[in-house]
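Some words used for protein structures rest on fixed cut-offs. The questions below ask how such words are earned.

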Protein chains: 2
Amino acid sequence: MVLQDRARATLEAIIGGAASVFAAQGYSNASLAQVSAAAGVTKGALYFHFKSKEDLARAVIDEQRRIVRTGGEEILARDRPALAKMVLMCRMYGRQLVNEPVVKAGIRLTLEASAFSDPVPQPYEDWIAVMQALAERGKQEGHIGPGVDPDDLAGFIVASFTGVQMVSDVLTGRKDVIQRIEEMWAFLLAGIVHEDFQMGADFLPGLVPAAA
Amino acid sequence: MVLQDRARATLEAIIGGAASVFAAQGYSNASLAQVSAAAGVTKGALYFHFKSKEDLARAVIDEQRRIVRTGGEEILARDRPALAKMVLMCRMYGRQLVNEPVVKAGIRLTLEASAFSDPVPQPYEDWIAVMQALAERGKQEGHIGPGVDPDDLAGFIVASFTGVQMVSDVLTGRKDVIQRIEEMWAFLLAGIVHEDFQMGADFLPGLVPAAA
């Protein structure tokens, strides 16, 4: 038991160290020597758990997806309207991009793989499917207008979120990503909210459709 | 004169060859041997014009920016409302991303540099500035509502366009990018068009705000 706990602690330290190295350097510049130094473990311990840099990158991406999925499931389980959940998921993901080294590293690794060798559609498809179901529900709940196509909306939310965090990264190192996510939702809401629905301040604090 | 023409033709062939190699392989996998083969020029001719792969990548990015800028200036010079020009610029850029190897290669090289080593904010800032000026003018012309902040709108258009073309690339190899750009504008228009402005079919063919 004690040995197992120690192995798990080592594994966590390695993934944390790998995340900080991948987030800062990207995949191709990262070295296993840097990871073992950042994790505070010997190279022997590192090689015991991971055979290659690619193994390590996959473990970081898996851990990122686990963190994002856990946060998403927690929001989906709340007693809230679907439209509010859509906004809350984007806010959560935005905060994780700023605060969670594993999420930062995971998105960088996914973007690297997507843009430069092997497209990785799964994370986008997963997220589009969740948003599509919520948009459908938001229409049923009378918050999203009947003319809005849930597929188109889900695709546009995921695409624009992807661009918002990316442009924020290039222009400010993601310092303004939370603010930009709020602006994104202000524009979206102005176009999609049902004309009969008056969104009060209690719907979701901080949420205001932009006035045209 | 004849010699000068031949030098110019060689230069164009090299940049075209470099664009096709960079677009397909990315910067780090591309080699000068592949470029000389794709361009149909000897390595000697290639080295006469370019000292390194980095030189070649810069030349492709410069040529991409020239193509995009030329197209943008042509649209800005038209006798059209500013809001129509904003849409036309996004459509033009979308078509160039599909049809122009130099633009395809240039955006890939810019994304690689942005995401993985040295952020390249200039192209984003240039484009945000143009959109900001057009949004301001669109408000004066009574097409964009008075409550819309031109800075926020310009930032969101550039960010969402960036994400739209990127997600389209990952999911369909940009096969649906033109359709996604139209969807993006349908959502944007639904939120930003002045409430007193009835956008007729003559405003811009194909342009319809999404109904909420």
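Q: What is Arg180(B) in contact with, leaving aside its neighbours within four places in sequence?
A: In this predicted model, Arg180(B) is in contact with Gly155(A), Val164(B), Val167(B), Ser168(B) and Leu171(B). Each of these counts because contact means heavy atoms within 4.5 Å.

Q: What makes Arg180(B) count as buried or exposed?
A: The relative accessible area of Arg180(B) is 15%. Buried means under 20%, so Arg180(B) is buried. Arg180(B) has its place in helix 9 of chain B.

Q: Why is the pair Arg180(B) and Asp176(B) called a polar contact?
A: The side chains of Arg180(B) and Asp176(B) are joined at 2.8 Å. A polar contact needs N or O atoms within 3.5 Å, one able to donate a hydrogen and the other to accept it, so the pair Arg180(B) and Asp176(B) qualifies.

Q: How many residues does each chain bring to the contact between chain B and chain A?
A: Chain B brings 42 residues and chain A brings 43 residues. Between them the two chains bury about 3,400 Å², and 76% of this is on carbon and sulfur atoms.

Q: Which helices of chain B supply at least two residues each to the side that touches chain A?
A: They are helix 6 (101-116), helix 7 (122-140), helix 8 (150-172) and helix 9 (177-192) of chain B. Helix 8 of chain B gives the most, with 13 residues. The residues on this side of chain B divide into 25 nonpolar, 10 polar and 7 charged.

Q: How many salt bridges are counted between chain B and chain A?
A: The count is 0 salt bridges. The rule for polar contacts likewise finds 0 residue pairs across the interface, where both residues must be at pLDDT 80 or more. Over all chains, the structure holds 20 salt bridges.

Q: Why is the pair Asp5(A) and Arg8(A) called a salt bridge?
A: The closest N and O atoms of Asp5(A) and Arg8(A) are 3.8 Å apart. The cut-off is 4 Å between a side-chain nitrogen of Lys or Arg and a carboxyl oxygen of Asp or Glu, so the pair Asp5(A) and Arg8(A) passes. Asp5(A) and Arg8(A) are 3 residues apart in helix 1 (residues 2-29) of chain A, which means that about one helical turn separates them. In general, side chains of opposite charge can pair when their charged atoms come close.

Q: What makes Asp5(A) and Arg8(A) partly exposed?
A: Asp5(A) has a relative accessible area of 41%, and Arg8(A) has 47%. Partly exposed lies between the 20% and 50% cut-offs, so both values fit the term.

Q: How do you know that Lys51(B) is exposed?
A: Its relative accessibility is 71%. Exposed means over 50%, so Lys51(B) meets the condition. Lys51(B) forms a salt bridge with Asp55(B), with the closest N and O atoms 3.8 Å apart. Asp55(B), at 27%, counts as partly exposed.

Q: What makes Ala154(A) count as buried?
A: The relative accessibility of Ala154(A) is 0%. The limit for buried is under 20%, so Ala154(A) is buried. Ala154(A) has its place in helix 8 (residues 150-172) of chain A. Leaving aside neighbours within four places in sequence, Ala154(A) is in contact with Ile128(A), Met131(A) and Gln132(A).

Q: How do you know that Gln96(A) is buried?
A: At 10% relative accessibility, Gln96(A) is under the 20% limit and therefore counts as buried. Gln96(A) lies in helix 5 (residues 82-99) of chain A. Its contacts, neighbours within four places in sequence aside, are Ile67(A), Val68(A) and Val103(A).

Q: Which residues have the most contacts inside the largest nonpolar core?
A: They are Trp185(A) and Trp185(B), in a core of 138 residues. Leaving aside neighbours within four places in sequence, the contacts of Trp185(A) include Leu83(A), Met86(A) and Ile157(A).

Q: How many helices and strands does chain A have?
A: Chain A has 9 helices and 0 strands. Of the 212 residues of chain A, 49% count as buried.

Note on methods:
Residues numbered from 1 in each chain as written. Chains lettered and ligands numbered in written order. Predicted model: local features only at pLDDT ≥ 70, side-chain atom pairs only at ≥ 80, totals over all residues. Heavy atoms only, no water. Buried area = accessible area lost by both parts, 1.4 Å probe. Helix = DSSP H or I, 4+ residues; strand = E, 2+ residues; numbered from the N terminus. Nonpolar A, V, L, I, M, F, W, Y, C, P; charged D, E, K, R; others polar. Core = buried A, V, L, I, M, F, W, Y, C linked by side-chain atoms within 4.5 Å. Buried < 20%, exposed > 50% of the residue type's maximum accessible area, 1.4 Å probe, protein only.
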